[in-house]
There are 2 protein chains.
Amino acid sequence: MLSKKCKYAIHALIYLAERYQQGPVHIQEIADAQRIPKKFLEAILLELRNAKVLHSKKGKGGGYYLYKKPEEVNLIEIIRLMDGAIAMLPCVSLNYYEPCEECKDEKTCGIRDSFIGVRDETLRILSESTLAKIVKREKVLSKK
Amino acid sequence: MLSKKCKYAIHALIYLAERYQQGPVHIQEIADAQRIPKKFLEAILLELRNAKVLHSKKGKGGGYYLYKKPEEVNLIEIIRLMDGAIAMLPCVSLNYYEPCEECKDEKTCGIRDSFIGVRDETLRILSESTLAKIVKREKVLSKK
DNA sequence: TCTTTAGTATACAAATTCTATAGACTATAT
DNA sequence: ATATAGTCTATAGAATTTGTATACTAAAGA
């Protein structure tokens with residue numbers, strides 16, 4: 001399961017994607033709109049800023065805005081930043097690899113292949129899901 | 001990421017699958033072989049027993065053994081028993097469905113479809129991975 | 001029937017992770 | 001100057017995970 005932090009991040013980013021190139025949005029507005037505790041949201045947005053997904057502007061009229069294009073931010077990137085590894089086993093993670101403690105020998109491990117398969121499919125599906133597509137999909141769905 | 005409990009369960013079950021129809025194996029032996037804290041393993045095996053995956057025999061010469069056939073136990077079942085939902089969002093879970101707190105309207109949610117896709121692929125891959133196949137795969141790999 | 005073996009059950013403790021908050025500080029616009 | 005709004009560090013509380021202790025029950029066999 002995704003953490004709350006990650007879900008908050010996704011919703012905040014969708015909110016900002018809907019307002020792409022319309023100037024900075026302040027934290028309080030996002031927090032109110034998405035019902036996210038403000039201080040918690042601050043920490044989240046900061047991380048996204050440090051990862052160059054967002055930019056911010058201080059002072060009056062400041063706030064956060066998307067730095068990357070909505071087509072260039074996908075769910076995989078967000079999940080990795082917030083929750084870490086995508087894979088279900090550390091020994092199968094591309095970005096957060098670690099040998100499994102419980103495992104005696106990776107080469108003869110009978111479950112690794114399956115989890116590599118799951119990881120690859122997850123990666124494929126979620127990397128196709130960009131902010132741009134998500135926003136578009138929500139527009140279509142809300143018109144029905 | 002899978003919990004330790006779940007990984008312990010998988011390893012214990014593989015151990016028992018390798019000894020299918022060779023009589024009960026006691027907890028201590030499994031604990032030693034797989035380096036699992038005995039008391040923790042007891043709790044795990046008990047749950048698997050209550051789920052009719054294992055049976056046990058008390059008293060001298062007792063222990064645990066597979067009740068289901070190795071071909072009939074797959075990774076999905078084990079993960080569900082130990083860790084609960086497979087899905088990355090509660091609103092997308094088949095067996096542990098709950099509406100997402102953060103979500104305003106499931107019908108217009110732009111990310112749901114992607115996570116349904118991930119869930120289905122995960123289900124497909126991990127339900128094909130049975131104890132029988134895992135044991136077989138380990139034999140093949142260890143001969144190389 | 002008594003003893004030993006081994007699983008069952010309940011309760012609890014330690015460790016870790018997740019969620020949330022507080023407060024002082026810094027930059028910017030007007 | 002001053003009000004606005006993001007930055008940074010620290011920490012507190014809650015929940016979950018992992019592991020342990022103790023007492024109890026069932027079965028096997030001498």
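Read along the sequence, chain A of this predicted model follows the pattern α-α-α-β-β-α-α-α, with 6 helices and 2 strands in total. Helices (H or I, at least four residues) and strands (E, at least two) are DSSP runs, numbered from the N terminus. Residues are numbered from 1 along each chain as its sequence is written, and chains are lettered from A and ligands numbered from 1 in the order in which they are written. Because the model is predicted, local features need pLDDT of at least 70 and side-chain atom pairs count only at pLDDT 80 or more, whereas totals for chains, interfaces and linings use all residues.

**Chain A and its helix H1**

Along the principal axes, the C-alpha atoms of chain A fill a box of roughly 60 × 35 × 25 Å. Among contacts in chain A with a separation of 6 or more, 58% join residues 24 or more positions apart; two residues are in contact if their C-beta atoms, placed from the backbone, lie within 7 Å. Of the 144 residues of chain A, 35% count as buried. A residue is buried if 20 or more other C-beta atoms lie within 10 Å of its own, exposed if 12 or fewer, and partly exposed in between, with C-beta atoms placed from the backbone.

H1(A) has 15 residues and reaches 21 Å from its first C-alpha to its last, close to the 21 Å expected at 1.5 Å a residue; the expected span is 1.5 Å times one less than the number of residues. This helix is mostly covered, as 11 of its 15 residues are buried, including Cys6(A), Tyr8(A), His11(A) and Leu16(A). The cover over the buried residues of H1(A) includes helix H2 (27-34), H3, E2, helix H4 (75-83) and H6 of chain A.

In soluble globular proteins, nonpolar side chains tend to be buried together. Here the largest nonpolar core has 77 residues, and those with the most contacts inside it are Ala9(A), Ala12(A), Leu13(A), Ala9(B), Ala12(B), Leu13(B) and Ile78(B). H1(A) gives the most to this core, with 9 residues. Such a core is a set of buried Ala, Val, Leu, Ile, Met, Phe, Trp, Tyr and Cys residues joined through C-beta atoms within 7 Å. Not counting residues up to four places away in sequence, Ala12(A) touches Ile30(A), Gln34(A), Ile36(A), Leu41(A), Ile44(A) and Leu45(A).

**The two chains together**

In the interface, 31 residues of chain A are in contact with 31 residues of chain B. Helix H1 (4-18), helix H5 (112-128) and helix H6 (131-143) of chain A each give two or more residues to the side that touches chain B. The largest share of that side, 7 residues, comes from H5(A).

Val118(A) has its place in helix H5 of chain A and is buried, with 25 other C-beta atoms within 10 Å. Leaving aside neighbours within four places in sequence, Val118(A) is in contact with Met88(A), Thr122(B), Ile125(B) and Leu126(B). The C-alpha atoms of Val118(A) and Met88(A), 30 residues apart along the chain, are separated by 8.3 Å.

A rotation of 180° with 0.0 Å of shift along its axis superposes chain A on chain B (RMSD 0.1 Å). That is the relation of a two-fold axis. The superposition is by least squares on the C-alpha atoms of residues with pLDDT of at least 70 in both copies. Of the residues of chain A, Glu121(A) comes closest to the rotation axis, at 3.3 Å (C-alpha). The copies meet through the same surface, because 100% of the interface residues of chain A are also interface residues in chain B.

**Surfaces near the DNA strands**

A residue is near a strand if its C-beta atom, placed from the backbone, lies within 6 Å of it. Of the 23 residues around DNA strand C, Ser3(A), Lys4(A), Pro37(A), Lys39(A) and Gly59(A) come nearest. DNA strand D is surrounded by 23 residues, of which the closest are His26(A), Ser3(B), Lys4(B), Lys39(B) and Gly59(B). H3(A) gives the most to the surface near DNA strand D, with 4 residues.

The table divides three surfaces by residue class: Ala, Val, Leu, Ile, Met, Phe, Trp, Tyr, Cys and Pro count as nonpolar, Asp, Glu, Lys and Arg as charged, and the others, Gly among them, as polar.

| Surface | Nonpolar | Polar | Charged |
|---|---|---|---|
| Side of chain A that touches chain B | 17 residues | 8 residues | 6 residues |
| Surface near DNA strand C | 6 residues | 8 residues | 9 residues |
| Surface near DNA strand D | 6 residues | 8 residues | 9 residues |
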